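Have the sequence and the model open side by side for this one. We'll go through the chain a piece at a time, starting from a single residue and working up to the way the parts meet.

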Amino acid sequence: MRLAIIGTGYVGLPTGVGFAELGNDVVCVDKIADKIETLNRGELTLFEDGLEDLFRKNVERGKIKFTLDMQSAVCNADVVMLAVGTPPHPITKEADLQYIYAAAKELAQYLDGYTVVATKSTVPVGTGDEIEKIIREINCDADFDVVSIPEFLREGFAIHDFFNPDRIVIGTNSERAREIMLQLYAPFVGKTSFLLVKRRSSETIKYASNAFLAMKIHYINEMADFCEKSGADILEVAEGMGMDSRIGKKFLNPGPGYGGSCFPKDTNAMAQMGRKYGAPLNLIETTIAKNGERKAKMGLRVIEAIKSNPEGKIAVLGLAFKGGTDDCRESPAIDIVREMVKHSHNICVYDPKAMVNAKAILGDSVKYANSIEDACRTADVMVILTEWEDFRHIDLLKIKSIMAKPEIVDLRNMLNVDDVVKAGFEYQGVGK
Ligand code: UGA
């Protein structure tokens, strides 16, 4: 099948590479000339585990191409996928649909023959109707259908998730469009569940899922706070809860609060939609407020840990919003560092992948280290903010020998408490 994918970000690029690997002819379009140049030089514009090999392979065999030219990509496509950003509006926090509508306006001119316009971007309920209207107004002869095909990829696992989805949701009332989408997703038949629903249901499923996961994290974080006061251990509590298949084991890891480019944006947009439709989503509203407060609280927890020597060095391990990605958008780690910067001028940060992105946000408010050891040398406290596997295997005795004071604040519960205590550290996890 011939695919045009509009937008080469964390969704568009792995999706394009995935469909190319499945044998489709994919053309990825972006407005940013630098990105297209880089991709055409055979270099990636973002880090995703497992992406590089598949990208190279499919570029070499001509299955994926990159262009600034929307016309050439769209006029030959059977399916045009919209994978542009829907960032939060700075004031209302609603999803800002300017990029999606601009893309719809542009592609409308070039539709040639029956085409499915499939929305991968996370868009509020009713956006499919708007896209349809925009295309119809610009090109009244166009033969097309608009389908919602929400994306459930996680950053850092995008390639794994592309090939192993939990479900494929196809939202359309058009039989013809549904058949084409089923053909495109035929390699997944028998491997996962398919759900064929109305477009508005499909648009809602994506938000309802992300908001539910965010609430689950908020719940376990509150439970962790309770455990700290009551003498229970959150890891044991989460394990016991997760054994109930109705609750499930996943997303019960307490931490510094959720972040990233999706949960904060999507919970806000969903809450906003609830207000708009007069159907308040109180659980989501509370989750948003409490998750925000949590990050500031966690920053102060670290400051408290160095109160005996406020000038002492704070070594921060982890800046990305979670392990396995270089993405720092809405990263709890960044917010926590910002909170600490208000109280300390002696912060040194390290992340295995996210240094460039973090530097663009934190500037010269902190110092930057090029290894775990470099960050921890002469530090009074080591703080773990992102769950990178490297941090789990820290050589505790070696690190202790170079720190000024053996103290760890582990906001991701990465380290084994017994090992850390045996190595002679003072240790604080979350919910213990
Ligand atoms: C999330 C969803 O998991 C994907 O299904 C969805 O496709 C994606 O948003 C999207 O809308 O595009 P992602 O933002 O990549 O994926 O990250 P997650 O792995 O879901 O983690 C989000 C945040 O929750 C991170 O800050 C993470 O550290 C935190 N988290 C996650 C916890 O604090 N505890 C957990 O148990 C799990």
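Contact here means heavy atoms within 4.5 Å. With that rule, and leaving aside neighbours within four places in sequence, cysteine 328 is in contact with Leu319, Ala320, Ile334, Ala354, Asn357, Ala358 and Ile361. Before going on, a word on what you're looking at: this is a predicted model, where local features need pLDDT of at least 70, side-chain atom pairs count only at pLDDT 80 or more, and totals for chains, interfaces and linings use all residues. Residues are numbered from 1 along each chain as its sequence is written, and side-chain values use heavy atoms, with hydrogens and water left out.

Back to cysteine 328. You'll find it in the loop between β9 (313-317) and α13 (332-341); helices (H or I, at least four residues) and strands (E, at least two) are DSSP runs, numbered from the N terminus. Is cysteine 328 buried or exposed? Buried, because its relative accessible area is 4%, and buried means under 20%, exposed over 50% and partly exposed in between (1.4 Å probe, protein chains only). Glycine 260 sits 68 residues away along the chain, yet the two C-alpha atoms are separated by 7.0 Å.

Now jump to lysine 31, in the loop between β2 (25-29) and α2 (33-40). This lysine counts as exposed, at 66% relative accessibility. Not counting residues up to four places away in sequence, lysine 31 touches Leu68 and Glu106. With glutamate 106 there is also a side-chain to side-chain polar contact of 2.9 Å. A polar contact is a pair of N or O atoms within 3.5 Å; within protein, one must be able to donate a hydrogen and the other to accept it, and residues adjacent in sequence count only if both atoms are side-chain atoms. For a pair at long range, take lysine 31 and proline 280: 249 residues apart in sequence, and 37 Å apart from C-alpha to C-alpha.

Helix α2 itself holds threonine 38. That threonine is buried, with 16% relative accessible area, and its side chain reaches the backbone oxygen of aspartate 34 at 2.7 Å. Beyond residues up to four places away in sequence, threonine 38 touches Glu43, Leu44 and Thr45.

Next, the salt bridges. Side chains of opposite charge can pair when their charged atoms come close. The rule asks for a side-chain nitrogen of Lys or Arg within 4 Å of a carboxyl oxygen of Asp or Glu, and by it the count comes to 33 salt bridges. One of them joins arginine 2 and aspartate 78, at 3.1 Å from N to O. Arginine 2 lies in strand β1 (residues 2-6) and aspartate 78 in the loop between α4 (70-75) and β4 (79-82), so this pair ties together parts that are 76 residues apart in sequence. Arginine 2 is partly exposed, at 42% relative accessibility.

Glutamate 285 and arginine 275 make another salt bridge, with their closest N and O atoms 2.9 Å apart. Here glutamate 285 is in helix α12 (residues 282-305) and arginine 275 in helix α11 (residues 263-276). Some of these charges join up further: Asp129, Glu132, Arg199 and Arg200 are linked in a network of salt bridges.

Finally, step back to the whole chain. The domain assignment, which is automatic or from a database, gives domain 1 (2-197) and domain 2 (212-432). Their C-alpha centres lie 33 Å apart, and 16 residues of domain 1 are in contact with 16 residues of domain 2. Together the domains bury about 1,400 Å², 56% of it on carbon and sulfur atoms; buried area is the accessible area (1.4 Å probe) that two parts lose on being put together, summed over both. Tyr10, Phe47 and Glu155 supply 40% of the area that domain 1 buries against domain 2, more than any other three residues.

How many salt bridges does the rule find across the interface of domain 1 and domain 2? Just one. Glutamate 155 also pairs with arginine 329 in a salt bridge of 3.6 Å, N to O. Glutamate 155 counts as buried, at 8% relative accessibility, whereas arginine 329 is partly exposed, at 41%.
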